[in-house]
Amino acid sequence: MSPGNTVAIFVSLIVNMRKLLFLLLALPFCGYAQRKLNLTLFGGFSNYNGDLQSKRFTTDQSKGAIGAGLRYEVSSKFAVHGNLMYGKVAGDDKRNEPSLRHRNLNFETRIYEGNLLADYTFLDLKEHAVSPYVFAGIALYRFNPYTFDTLTGRKVYLRPLSTEGQGLSQYPDRKPYSIYQIGIPFGAGFRFRITDNATLGYEIGLRKLFTDYIDDVSTTYVERAALLAARGQRAVDYAYRGDELKDGNPNYPSYITVRGGAEFKDWYYF
């Protein structure tokens, strides 16, 4: 199967995931302890850490998240499972550190993720009511950061604007980022035995990423004239939004002025 077909199949699954989740949630939640294959459902929150959300872990600006999957018990303590996850993350300089608010940047993006995980439960839940557990695996996810026009409220996708010169001939080292990426999910939690047929878990799942563009912010500003010529006035407007502030600096920053921190990649978590 070609990589293109693989991505197409993944996207098709993700597009239909919310319909699947509504169907699953409409069914009675049931399972059988003697069965090794179990349905898993997830509901909670999603957030991210990056240039527009400097706090490592926080519920500030968090959004809702849902997921569903199948879990196969290899033994009483070890299992493998595959999941489809959907969430949204966002960041806004208005709620960022005071020293960064002058940029006035903001973004949102939906996260569509498919993952394959292995988890280890430390205590046998057939004998104990609660146990800690850990998990790790691999994930394929899709993101596409956008913002909103201040005057019209219309959604504006940021990747095509090359706000940091991605894809411009003047900046050959700045390649356009892919909205399809591989991540490394891992985390821990506690699992409670509710009945012989059902368990409830509380967990935090982190995603180690290999891109710094979840929020479309990573490195330095590029020359205004070059960005204007290549992508137009809209790109210039969304590369720097300090001029929208009441007391903001109306002047576009000079070339190589720091816009973001490329030394640390972005993260998201559920």
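**Close-ups of a predicted model**

**View 1. I214 and the residues around it.** Leaving aside residues up to four places away in sequence, I214 touches Y48, V89, F107, T109, I111, Y141, F143, P145, L209 and D266. The model shown here, and in the other views, is a predicted one. Several names from this view come back in the next one: I214 is listed with Y48, V89 and F107 among the residues with the most contacts inside the largest nonpolar core.

**View 2. The largest nonpolar core.** Zoom out from I214 and you get a core of 32 residues. Those with the most contacts inside this core are Y48, V89, F107, I214, L227, Y252 and Y268. Two strands, β3 (78-92) and β4 (106-121), and two helices, α3 (224-231) and α4 (233-239), are the elements that give two or more residues to the core. Which of them gives the most? That's α4, with four residues. As background, nonpolar side chains in soluble globular proteins tend to be buried together.

**View 3. Y48 and Y268, strand to strand.** Here are two of the core's best-connected residues, both on the list of those with the most contacts inside it. Y48 stands opposite Y268, which sits in β10. The strands in question are β1 (37-49) and β10 (residues 267-269), which run antiparallel and are joined by three bridges.

**View 4. β1 against β2.** On to another partner of β1: β2 (63-73). How many bridges join β1 to β2? Ten, and the two strands run antiparallel. Two pairs make handy landmarks if you want to trace the ladder yourself: S46 has K63 of β2 as its bridge partner, while N38 is matched with R71 of β2.

**View 5. The β2-β3 hairpin.** Follow the chain out of β2 and a hairpin of four residues takes you into β3. These two strands are antiparallel as well, with nine bridges between them. For a landmark, try L70, whose bridge partner in β3 is G82.

**View 6. A nonpolar patch on the surface.** Not every nonpolar side chain in this model is tucked into the core: a surface patch of about 950 Å² is made by L37, L39, L41, L70, Y72, V74, F78, V80, Y120, F122, L123 and V134. L70 will be familiar from the hairpin view, where this residue pairs with G82. Strands β1, β2 and β3 each supply at least two residues of the patch. Which strand has the largest share? It's β1, with three residues, and L37 is found in that strand.

Terms used:
Residues numbered from 1 in each chain as written. Predicted model: local features only at pLDDT ≥ 70, side-chain atom pairs only at ≥ 80, totals over all residues. Heavy atoms only, no water. Core = buried A, V, L, I, M, F, W, Y, C linked by side-chain atoms within 4.5 Å. Buried < 20%, exposed > 50% of the residue type's maximum accessible area, 1.4 Å probe, protein only. Contact = heavy atoms within 4.5 Å. Patch = residues over 30% accessible without salt bridge, like charges linked within 9 Å, V, L, I, M, F, W, Y side chains within 5 Å. Areas by Shrake-Rupley, 256 points an atom, 1.4 Å probe, with all protein chains shown as cover. Salt bridge = Lys/Arg side-chain N within 4 Å of Asp/Glu carboxyl O. Pairing = 2+ DSSP bridges.
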